[in-house]
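Good morning, colleagues. Please turn to the sequence and the structure on the screen.

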Amino acid sequence: MRKSLFMVLVLLGIFGRAYAQEKFTLNGYVKDANNGEELLGVTVFVQELRNGVISNNYGFYSITMAPGEYTISYSFIGYKTLTRKIVLSEDMVQNISLVEESTELEEVVVTGERPEKNVVDIQMSVNEIDIRQVKKLPALFGEPDIIKTIQLLPGVISAGEGTSSFFVRGGSADQNLILIDEAPIYDPSHLFGLFSVFNADIIKDAELYKGGIPARFGGRLSSILDVRTRDGNNQKFEGDAGIGLLATSLSLEGPLKKDKSSFILSARRSYVDLFARAANSENLVHFYDINAKVNWRANNKNRFFLALYAGRDNFDFGDDFGFDWGNRTATFRWNHLFNDKLFSNTSLIASNFDYGLESRDASQGFTWDSSIEEFTFKQDLNYFISPKFELDFGYHLTYRKFSPGRIAPTPESIFKGKDLAKEFALDHAFYIGSQHKLSEKISVTYGARFSLFQNVGKSQVFLYEDAQNNINPVRTDTLFFDQFETIKNYFNVEPRLAVRYIVGENSSLKLSYNRMVQNTHLISSGTVPVPFNTWAPSSYYLKPQKADQVAVGYFRNFKDNEYEFSAEVYYKTTNNVTDFADNAQIFFNEDIATEYRQGKGEAYGLELLLKKNEGDITGFVSYTWSKANRTVPGVNLSRTFDANHDRRHNFNAIATYDYNDKWSFGATFTYGTGKPTTIPAGSYQYGDGYIADIITDRNGFRLPAFHKLDLSATLTPRKNKGKKWETSWVFALYNAYSRKNPFALLTQVTQNKDGDIIGDGTEKEAKMIYLFPVLPSITYNIKF
């Protein structure tokens, strides 16, 4: 792959020199004039050619044209359009600074995108998250959260009230790749999902890819959530802080050297444990997260970035037990210009997720820990050949270490120590993709990702008389593998295609197809991922999961792009979808390979979205009709069953209203069909009084529908002259009409009011679990 990449670079260099003999290139970076942040997705339009390009994910643009005089316009929503006349007689560099519009206009910006992007962009099935709007919407306990906003998008379903997990187009939660500054986050939750790991104060932009996924992304079947943090103000020092009911946050940023380098530091911590300590309680719960980033612009050809994240949850219950979990990531990026057309991004990435449990009982004490670590090298290149043709290609290499579990008993404990075998993997990927404007009406993107996954040693593999016998597995042999010795190779080709056809001035048709492959598997038999689940690689007994998805959509804008409408239908099939045998023993099972069951999944649906982008009232309305099922040999008597994340109808509406320059209001409403769940049809008694459940159908019962209304109001007092800070108050009402929404359904032996078992204990009753009634909150923010 390295030799192939080198040859591609050589050929492109030769082609680039030949091409440059008759044309010249205009290139540069586009940034915010106020803080120096690079702007992504800026339209660079050449009026004479009626054509242009878009700045890439690092704010860089390049356009090659014949010699001559041109009028170039740089436009970006929320900023004043800048127009310049140039005489192109040689290669030219123009770094552009755009000035924000007035504050009033800034506040109605929905996304940093072109007004007509909904129609003209080739990409479909992508949602950009507006951080400004997220901060205005009502939030649980007053904490703005992009995950909660993502759960309202078409094609996305929440895993349950108060959780940070979500399902996309019939996929399970572990099939979403969640990135922060290119580093993967394996569990995005704080306090079991009440909050996510993403602090809204530091987020620059976020995109959710549900289909038509570019070739540079891989590793998950259903979606990519790409979150990028701000670089920090390189013009002046500033900061902001917020105090809510459960947590407080502080962010500081400023130049290390004006126009050359900057930093940003943001921290957030809950303080429930501080109140508990004051009340002499032994039950202490808290979370924190820290984001830090520095960057240095050595010159126009070289820029360097270092981004760090650390977050953790701690639950301490005195002398009884405790547990914790957390993520840590680090990303180093080097942006380099080989020439006027060839842009390079080199990244070194590290990510770690771990959790631990501790029992402090004198006779039954132990500690239990598990983790997954990965280190990645990425080389991504953008080649701007012409205004009608762009090429992206690169190579990714990832090393992963899976530590499924280790128990260490305390000195007087009755338990014995146990360490499950670690697993290791190398993940290679070479990709190439192009964006080609065939005519004024037709544009296409096409490419492929070539992935080679290697399950490697040092490790051992048990062979079984029957690998599907999870009741009484019989080992017949053991295979031993040295360090980095290959246990199993899996090679896959993942084609990608997207087509856009302009129907009229304000509408278009789009089609996309992608194949995705996933080689990391969540080891869990539950519906909602919790931090105590572990991960495993594709291996001797576990095949890669594969998904093929086709989507078709109609896109239309109204009233000078004030309104956007889209309708998409999709169909997705999944092979080797990972499940587990009924009543599987997941944790600390050395023969867990006998519990694996892999089968097929099918999902299809309709997604409707109407957005209002301008005016005092902005927001969107979305509706999704969807179906998701699975057929897994050995599960549910090999009969097809509804997936855990199958929901038939989902309706969401969000709106923000800027009443005046002091008050703004927000509201969200959501309705969803109840989720399927498995409950016993009865029970029977055998042996020495043991009572066993009778399970007839997996997910054969469905919970009642979910719906709620959230409200918020934001007060921003006028900034007094002479003061160097401004403040705001956010008042919110979660579940305004106090709907009792079911979270789970539990079954238990029927008891009387005194807790005594009725009858022989075979009779059971169902108990519905609810979470939150109406919850008011207040948050105070200050910016200086």
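I shall begin with the protein as a whole and then turn to single residues, salt bridges and surface patches.

Please bear in mind throughout that this is a predicted model. The protein contains six helices and 51 strands. Of its 784 residues, 55% are buried. Among contacts with a separation of 6 or more, 66% are between residues 24 or more positions apart. The protein exposes about 33,800 Å² of area, and carbon and sulfur atoms supply 56% of that area.

Let us now consider two strand residues. Thr 668 is located in strand E42, which covers residues 663-672. Is Thr 668 buried or exposed? Its relative accessibility is 7%, and therefore Thr 668 counts as buried. When neighbours within four places in sequence are set aside, Thr 668 is in contact with Leu 137, Pro 138 and Leu 152, with Ala 653 and Ile 654, and with Lys 708, Leu 709 and Asp 710.

The second residue is Val 552, in strand E36, residues 545-558. Val 552 counts as partly exposed because its relative accessibility is 38%. Again leaving aside neighbours within four places in sequence, the contacts of Val 552 are Met 124, Lys 510, Leu 511, Ala 567, Glu 568 and Val 569. As for Ala 498, which is 54 residues from Val 552 along the chain, the C-alpha atoms of the two residues are separated by 9.7 Å.

I turn next to the salt bridges. How many salt bridges does a search of the whole structure find? The search finds 35 salt bridges, and I have selected three pairs for discussion.

In the first pair, the side chains of Glu 607 and Lys 210 form a salt bridge with an N to O distance of 3.2 Å. This pair links distant parts of the chain, with the two positions 397 residues apart in sequence numbering. Glu 607 belongs to strand E38 (residues 596-612), whereas Lys 210 sits in the loop between strand E16 (203-209) and strand E17 (223-229). Glu 607 has a relative accessibility of 3% and therefore counts as buried. Lys 210 counts as buried as well, because its relative accessibility is 2%.

In the second pair, Glu 562 and Lys 612 meet through their side chains in a salt bridge of 3.3 Å, N to O. Glu 562 is in the loop between E36 and strand E37 (563-580) and Lys 612 is in strand E38, so this pair ties together parts that are 50 residues apart in sequence. Why is Glu 562 classed as buried? The reason is its relative accessible area of 16%, since buried means under 20%. Lys 612, with a relative accessible area of 18%, is buried too.

The third pair consists of Asp 579 and Arg 630, whose side chains meet in a salt bridge at 3.8 Å, N to O. Because Asp 579 lies in strand E37 and Arg 630 in strand E39 (residues 617-631), the pair ties together parts that are 51 residues apart in sequence. Asp 579 counts as buried at 11% relative accessibility, and Arg 630 is buried with a relative accessible area of 11%. There is also a network, in which salt bridges that share partners join Lys 627, Asp 642, Asp 646, Arg 648 and Arg 702.

Finally, I come to the surface. Which residues form a nonpolar patch there? The patch is made up of Leu 256, Val 294, Leu 306, Leu 308, Phe 332, Trp 334, Leu 348 and Phe 377, and together these have about 670 Å² of accessible area. At least two residues of the nonpolar patch come from strand E22 (302-317), and at least two from strand E23 (321-337). One of the patch residues, Leu 348, has its place in strand E24, residues 342-359. With a relative accessible area of 47%, Leu 348 is partly exposed.

The surface also carries a negative patch, formed by Glu 282, Asp 319, Asp 320 and Asp 361. Within this group, Glu 282 is found in the loop between helix H6 (272-278) and strand E21 (283-299). Glu 282 counts as exposed because its relative accessibility is 52%, the cut-off for exposed being over 50%.

Note on methods:
Residues numbered from 1 in each chain as written. Predicted model: local features only at pLDDT ≥ 70, side-chain atom pairs only at ≥ 80, totals over all residues. Heavy atoms only, no water. Patch = residues over 30% accessible without salt bridge, like charges linked within 9 Å, V, L, I, M, F, W, Y side chains within 5 Å. Areas by Shrake-Rupley, 256 points an atom, 1.4 Å probe, with all protein chains shown as cover. Salt bridge = Lys/Arg side-chain N within 4 Å of Asp/Glu carboxyl O. Lys, Arg positive; Asp, Glu negative; His and termini not counted. Charge placed at Lys NZ, Arg CZ, Asp CG, Glu CD. Helix = DSSP H or I, 4+ residues; strand = E, 2+ residues; numbered from the N terminus. Buried < 20%, exposed > 50% of the residue type's maximum accessible area, 1.4 Å probe, protein only. Contact = heavy atoms within 4.5 Å.
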